[in-house]
Amino acid sequence: MINLKNLNFKELENFVVENGWPKFRAKQIAKWLYNKKVESFDQMTDLSKEIRQTLKEKCEINSLKLLTYQQSKIDGSIKFLWQLKDGNTIETVLINEKNHKTLCVSTQVGCAVGCKFCYTTKDGLIRNLETAEIVDQYINVQRFLGDEEENRISNIVYMGMGEPLANYDNVKKSVQIFTHPDMCKLSHRKITISSSGILHQIKRMFEGKDFPQVKLAVSLNASHQSQRSYLMPISQTNTLEDLMDLLRKLPLKPGWRITLEYVLIKNVNDTVEDAKRLVNLIKKDKHRFKVNLIPFNPYPGSDFERPEESRVLAFEKVLWDNNIATFIRWSKGRDIDAACGQLRKKEMLFLNA
């Protein structure tokens, strides 16, 4: 069976033509999938019964089953637990910002990168998500919220379970679907892919003509190489020096910046000296970077602790004093284990809060 949400628009057109239908049927099918967000082919009422029957025989359009969800009592964030066709589970987080909604999507079941401060990696990598499984996180949550303007999801961040650029092809295709004018119609400016720093894939992302240019965030988390290789084993081969050299050379659209994410861990990387080293890393090219400071979010069995707020503010001050755009990301959803670094494959259902 072909899951139609695994097809970008060109592939959907090819599928339509191969079945002997006029090419414009691709736009009709896309409208039902991504605008109307239907769950069955019978709802595609402007297609003939014959076409709908063929679609039923050859295709499917659902890849996720909602098991349960939790809503934060503090900030209203919602964490969704989905079951995949093979029985594996993933999590997605809806973040309620002041004037918009952001969806944090997962790209893998588990993760192989091995960052020591992240709960997701404890399971290792189970498998990559299909394109449809990435896209359906957005479709299903938007359907859950309803179509009212105040409920519209405008921002997508690839910051859930997994390393997006380790699932390069399916992530690329999902971005194509999210941004296509006949599909999800989301703004390129409102989509951010976060990576641990896989150098050849970042380079490929920016050089590839078929990868729509969206924003990049890089998980830095250290002010020198030995510190980063301790926290992030990927840095042993993708070194901090090589990473920063690549980021300085990437072609950016006017006004766009690369986000450097820095998880602050008590007594590991949160000193004023760390902040000063970070300044030295980026000050020559500070116009192309902004820094997100993320106080560590504890999880069961973690060896690390969250720093005191005073240390976070002191770290931030050093960067601002050197005219580096810096923002503290006080993670939302901490009371439901939905904050940065807390997502993990679940074996047991959790109860609605």
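A residue counts as exposed when its relative accessible area is over 50%, as buried when that area is under 20%, and as partly exposed in between. That yardstick will come up often in this tour of a predicted model. By it, K85 is exposed, because its relative accessible area is 59%. The briefing starts with salt bridges, moves on to the cysteines and the strands around β9, and ends with the spaces inside the structure.

**Salt bridges**

- The model holds 20 salt bridges, and a few of them are worth a visit.
- K85 and E60 meet through their side chains in a salt bridge, with 3.6 Å from N to O. K85 sits in the loop between β4 (78-83) and β5 (89-96), while E60 belongs to strand β2 (residues 59-60), so this pair ties together parts that are 25 residues apart in sequence.
- The two partners fall in separate exposure classes: K85 is exposed at 59%, and E60 is partly exposed, with a relative accessible area of 26%.
- Within helix α8 (residues 240-249), K249 and D245 lie four residues apart, about one turn of the helix. They form a salt bridge whose closest N and O atoms are 3.2 Å apart.
- K249 is exposed because its relative accessible area is 60%, whereas D245, at 35%, is partly exposed.
- Helix α9 (residues 272-282) offers another pair, R277 and D274, three residues apart and again about one turn of the helix. Here the closest N and O atoms of the salt bridge are 2.8 Å apart.
- In that pair R277 is partly exposed at 33%, but D274 is buried, since its relative accessibility is 2%.
- D86, R127 and E133 are linked to one another in a network of salt bridges.

**Cysteines**

- How many disulfides does the model have? The count comes to zero disulfides.
- C184 is in no disulfide, and the nearest cysteine sulfur, that of C104, is 17 Å away. A disulfide needs the two sulfur atoms within 2.5 Å.
- Are C104 and C184 buried or exposed? C104 is buried because its relative accessibility is 9%, and C184 is buried as well, with a relative accessible area of 8%.

**Strand β9 and its neighbours**

- Strand β9 (residues 153-158) is largely enclosed by the rest of the structure, because six of its six residues are buried.
- Strand β6 (residues 101-104) runs parallel to β9, and four bridges join the two. This is where C104 turns up again, standing opposite V157 in β9.
- β9 is also joined to strand β10 (residues 191-195) by three bridges, and these two strands run parallel. One partner pair here is I156 with I191 in β10.
- Helix α5 (residues 168-179) combines with β9 and β10 to make a right-handed β-α-β unit.

**Pockets and cavities**

- The second largest pocket encloses about 230 Å³ of space.
- Which helices supply at least two residues each to the lining of this pocket? They are α2 (25-35) and α4 (131-145).
- Residues lining the second largest pocket include Y34, N35, Y138 and Q142, along with D147, R152 and I153. The buried cysteine C184 is also among the lining residues, together with M183, K185 and L186.
- There are two cavities of 30 Å³ or more in the structure.
- The largest cavity has a volume of about 40 Å³. F206, Q213, V214, K215, L216, L252, W256, R257 and I258 form its lining.

**A closer look at I282**

- I282 belongs to helix α9, the helix that also carries the R277 and D274 pair.
- I282 is buried, because its relative accessibility is 0%.
- I282 and L260 are 22 residues apart in sequence, and their C-alpha atoms are 9.8 Å apart in space.

Technical notes:
Residues are numbered from 1 along each chain as its sequence is written. This is a predicted model: local features need pLDDT of at least 70, side-chain atom pairs count only at pLDDT 80 or more; totals for chains, interfaces and linings use all residues. Side-chain values use heavy atoms; hydrogens and water are left out. Buried means under 20% relative accessible area, exposed over 50%, partly exposed in between (1.4 Å probe, protein chains only). A salt bridge is a side-chain nitrogen of Lys or Arg within 4 Å of a carboxyl oxygen of Asp or Glu. Two strands pair if DSSP finds at least two bridges between them. A crossover is right-handed if, with the strands pointing away from the viewer, the path from the first strand over the helix to the second runs clockwise. On a 1 Å grid over the protein atoms alone, a cavity is a set of points where a 1.4 Å probe fits but cannot get out, and a pocket is an open set with protein on both sides within 12 Å along at least five of seven lines; lining residues have an atom within 4 Å of a point. Grid points are joined across faces, edges and corners, and a volume is the space filled by probe spheres set on the points.
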